[in-house]
Amino acid sequence: MNLAKQYNFLIINGPNLGYIGVRQPEIYGDKTINQVPDLVERLLGKKSAELQLHFYQSNREGSLIDRIERARIEGVDGIVLNAGAYTHTSLALADCLAWVEIPTVEVHLSNIMARDENMRRIDLIGQHVIGIIAGFGIMSYALGVQALYEYLEGLGS
């Protein structure tokens, strides 16, 4: 009898992230979002069977907000969010994260603090998430899932 809690995690990608692994691989790497479940399994081992990962991508700010609000209604346990450029510009997305009360880990493929453009060092959503993982390419997503799992299990708080 399996009494382990099943967690429902939503991995959300914002604008220009529909082509991870193809778009500017010199900055974002050449691995694809399809590799995330295998990486999660590698990190969490048998515990990964307790996770259901769902993926969503949109280039539209309102669609991302709608999806996060719907996740609240659906009872999603946690979100791994790469808001892309909206990280630096979207007060509306930050406001949504502030009220939905879903544990969220912000992730980025590149280290946004090490980027040349000063604008990329601004993070409007960071204060509304439980943590930020950046600079590890596609592994950032798997680390975000692991962090959410550990947080919900009471190990990461």
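**A walk through the ring cluster, two helix packings and two loop residues**

At 3% relative accessibility, Tyr149 counts as buried, and I would like to begin from this residue, keeping in mind throughout that what we are looking at is a predicted model.

Let me start with the rings around it. The structure holds two aromatic pairs, and between them the ring pairs link Tyr7, Phe9 and Tyr149 into a cluster. In one of these pairs, Tyr7 and Phe9 are stacked, with 5.9 Å from centre to centre and 25 degrees between the planes; the pair counts as stacked because planes under 30 degrees apart are given that name. In the other pair, Tyr7 meets Tyr149 edge-to-face, at 5.7 Å centre to centre and with 90 degrees between the planes. Tyr7 belongs to strand E1, which covers residues 7–13, while Tyr149 belongs to helix H6, which covers residues 139–152, so this pair ties together parts that are 142 residues apart in sequence.

Are the other two members of the cluster, Tyr7 and Phe9, buried or exposed? Tyr7 has a relative accessible area of 6% and is therefore buried, and Phe9, with a relative accessible area of 0%, is buried as well.

Staying with helix H6, we can turn to its packing against helix H2, which spans residues 36–44: the two helices pack at an angle of about 50 degrees, and their axes are 9 Å apart. That angle makes H2 oblique to H6, and the crossing of the two helices is right-handed. On the H2 side, the contact is made by Val36, Leu39, Val40, Arg42, Leu43 and Leu44, and on the H6 side the residues include Met139, Tyr141, Ala142 and Leu143, together with Tyr149, the residue with which I began. Sorted by class, the contact of H2 with H6 has eleven nonpolar residues, one polar residue and two charged residues.

The second packing I would like to show you involves helix H3, residues 61–74, and helix H5, residues 91–100. How far apart are the axes of H3 and H5, and at what angle do the helices pack? Their axes are 10 Å apart, and the angle is about 5 degrees, which means that H3 is roughly parallel to H5. From H3, the residues making the contact are Glu61, Leu64, Ile65, Ile68, Glu69 and Arg72, and from H5 they are Ala92, Leu93, Cys96, Leu97, Trp99 and Val100. By class, this contact of H3 with H5 holds nine nonpolar and three charged residues, with no polar residue in it.

Finally, let me point out two loop residues with a backbone feature to look at. Glu101, in the loop between H5 and strand E4, which covers 104–108, has a positive phi of about 60 degrees although it is not a glycine. Its relative accessible area is 69%, and Glu101 is therefore exposed. Asn16, which lies in the loop between E1 and helix H1, residues 25–28, is a residue other than glycine whose phi is likewise positive, near 65 degrees. At 47% relative accessibility, Asn16 counts as partly exposed.

Definitions and conventions:
Residues are numbered from 1 along each chain as its sequence is written. This is a predicted model: local features need pLDDT of at least 70, side-chain atom pairs count only at pLDDT 80 or more; totals for chains, interfaces and linings use all residues. Side-chain values use heavy atoms; hydrogens and water are left out. Axes are lines fitted to C-alpha atoms, for helices over the stretch in contact, and angles run from 0 to 180 degrees between N-to-C directions. Helices (H or I, at least four residues) and strands (E, at least two) are DSSP runs, numbered from the N terminus. Angles under 35 degrees count as roughly parallel, over 145 as roughly antiparallel, 65 to 115 as roughly perpendicular and the rest as oblique. Contact means heavy atoms within 4.5 Å. Ala, Val, Leu, Ile, Met, Phe, Trp, Tyr, Cys and Pro count as nonpolar, Asp, Glu, Lys and Arg as charged, and the others, Gly among them, as polar. Rings of Phe, Tyr and Trp (its six-membered ring) pair if their centres lie within 6.5 Å; planes under 30 degrees apart count as stacked, over 60 as edge-to-face and the rest as tilted. Buried means under 20% relative accessible area, exposed over 50%, partly exposed in between (1.4 Å probe, protein chains only). A crossing is left-handed if the near helix is turned anticlockwise from the far one by less than a right angle, and right-handed if clockwise.
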